[in-house]
Amino acid sequence: MRNVVIVGSGCAGNTAAVYTARANLKPVVIKGHEPGGQLSLTTLVENFPGFPEGINGPDLVENIRKQAENFGAEYMHGVVTEADLSKRPFRINVDGEWIDTRTLIVASGASARWLGLPNEQKLIGHGVSSCATCDGFFYRGKKIMVIGGGDSAMEEANFLTRFGSEVAVVHRREQFRASKIMLARAQHNPKIKFLTNTVVEDIHDVSKQTVTSVRLRNTATGAVWEQEVDGFFVAIGHIPNTAVFRGQIETDGDGYIVSKGGARTNIPGVFHAGDVQDRAYKQAVTAAGMGCMAAIEAERFLEAEGA
Ligand code: NAP
């Protein structure tokens, strides 16, 4: 029987692990599909307090994991495939192994959203990617396209100019969702070209098992054209990883956990932290903050239960 199981090993889950381990609760952290979460896929993080020169995302999340392990947190490979939260102890199935736990912290984050084009899934790993940090290297001297108008798209476009001969940012509207500073940085980068009011209609060429071109449409003029491209990076946001808890933990229409105040969910003893609930801020520092809150709430819950 565990005191605390933490689902997810990103900034939120690892911070919850630091706090619960330091409170002597011997937490176990289920690493999940993307160990380290979003930070492990990013480059320089310039806005996490305490690092005046910035810190690389993977280093930041790895440091928090080490800090948690120093206090006795245990990390387990695997993903949660099933959960029974109908009674306590809660039961969590991790790749076939059932774990009983008194409290649960859900910090499972959010995964990349895709455009939903028929050829998109077929070409993932063959020119289609959702991770510039992971795959940018393969497009040295090549034509790159980034889809999206948020901070992720700007960050990825800037990063990809290190590799590509040119980077086209395709955004479906005229206005950008990205913050002013990130947008300005991309706009001032001579290698980046912007295509606004533009949507992707199709990606080619599945028969060649590689991306060769895309069909684009300007929504203002109706013009349709083919554009050559080698690397196609989708940066249009994320979907919260809550499917395994569906029907038990209350979520909103998009699958984000509905907070019942602090880090509480609708189920006493089950807490949330990070992007799995947060559709507004989604920052490393807010995820860490929520991880801390979830840990303190779990600790108080266990104390009140006399565990
Ligand atoms: P986001 O802010 O939700 O932006 C998603 C973008 O993708 C929007 O421009 C959206 O267009 C577009 N989009 C969504 N669905 C689409 C579709 N089906 N087809 C075409 N375009 C579509 O997501 P994000 O950029 O991943 O950022 C998420 C959060 O992380 C934000 O709070 C951001 O500030 C933060 N972040 C921060 C940093 C940093 O500070 N270093 C870096 C990355 C992310 P519309 O605008 O038309 O809706």
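Two strands are said to pair if DSSP finds at least two bridges between them. In this predicted model, strand β1 (residues 2-7) satisfies that condition with strand β2 (residues 28-30), the two being joined in the parallel sense over three bridges. Within this pairing, Val7 has Ile30 of β2 as its bridge partner. Strand β1 also pairs with strand β8 (residues 97-106), again in the parallel sense and here over five bridges, and in this second pairing Ile6 stands opposite Ile105 of β8. In a regular strand the side chains alternate between the two faces of the sheet.

A parallel open sheet is formed by five strands, which follow one another in the order β10-β17-β11-β12-β13. Its edges are occupied by β10 (128-129) and β13 (192-195), each of which pairs on one side only. The contact between strand β12 (residues 166-170) and the edge strand β13 is made through four bridges, with the two strands running parallel; in one of the residue pairs across this contact, Val170 is matched with Leu195 of β13.

A further open sheet consists of three strands in the order β14-β15-β16, and here the pairing is antiparallel. Because β14 (198-204) and β16 (224-228) stand at the edges with a single partner strand each, one side of each is left without a neighbour in the sheet. Neighbouring strands of this sheet are turned by 30° against each other on average, when direction is ignored. Strand β15 (residues 213-218) is joined to β16 by five bridges, and the two strands run antiparallel; across this pairing, Arg217 is found opposite Val224 of β16.

The backbone was also examined for less common geometry. Most residues other than glycine have a negative phi, and most peptide bonds are trans. Against that background, the peptide bond from Arg88 to Pro89 is cis, with omega near 0°, and Pro89 itself is placed in the loop between β6 (80-84) and β7 (90-94). A cis peptide bond also joins His204 and Asp205, with an omega of about 20°, and Asp205 belongs to the loop between β14 and β15. Asn24, although it is not a glycine, has a positive phi of about 70°; this residue lies in the loop between α1 (11-22) and β2.

The ligand is surrounded by 18 residues, of which the closest are Asp151, Ser152, Arg172, Arg173 and Arg177. By class, this shell is made up of four nonpolar, eight polar and six charged residues. Helix α5 (residues 151-160) gives the most to the shell, contributing three residues, while at least three residues are drawn from each of domain 1 (2-111 + 238-304) and domain 2 (114-234). Several individual approaches to oxygen atoms of the ligand can be described. A polar side-chain atom of Arg173 lies 2.7 Å from an oxygen atom of the ligand, whereas for Gly149 it is a backbone N or O atom that lies 3.0 Å from such an oxygen atom. For Tyr281, likewise, a backbone N or O atom is placed 3.4 Å from an oxygen atom of the ligand. Taken alone, the ligand exposes 920 Å², and the protein buries 76% of that area.

Conventions:
Residues numbered from 1 in each chain as written. Predicted model: local features only at pLDDT ≥ 70, side-chain atom pairs only at ≥ 80, totals over all residues. Heavy atoms only, no water. Near = heavy atom within 4 Å. Polar contact = N/O pair within 3.5 Å; in protein donor to acceptor, adjacent residues only side chain to side chain. Areas by Shrake-Rupley, 256 points an atom, 1.4 Å probe, with all protein chains shown as cover. Nonpolar A, V, L, I, M, F, W, Y, C, P; charged D, E, K, R; others polar. Domains from an automatic or database assignment. Axes fitted to C-alpha atoms, helices over the stretch in contact; angles between N-to-C directions.
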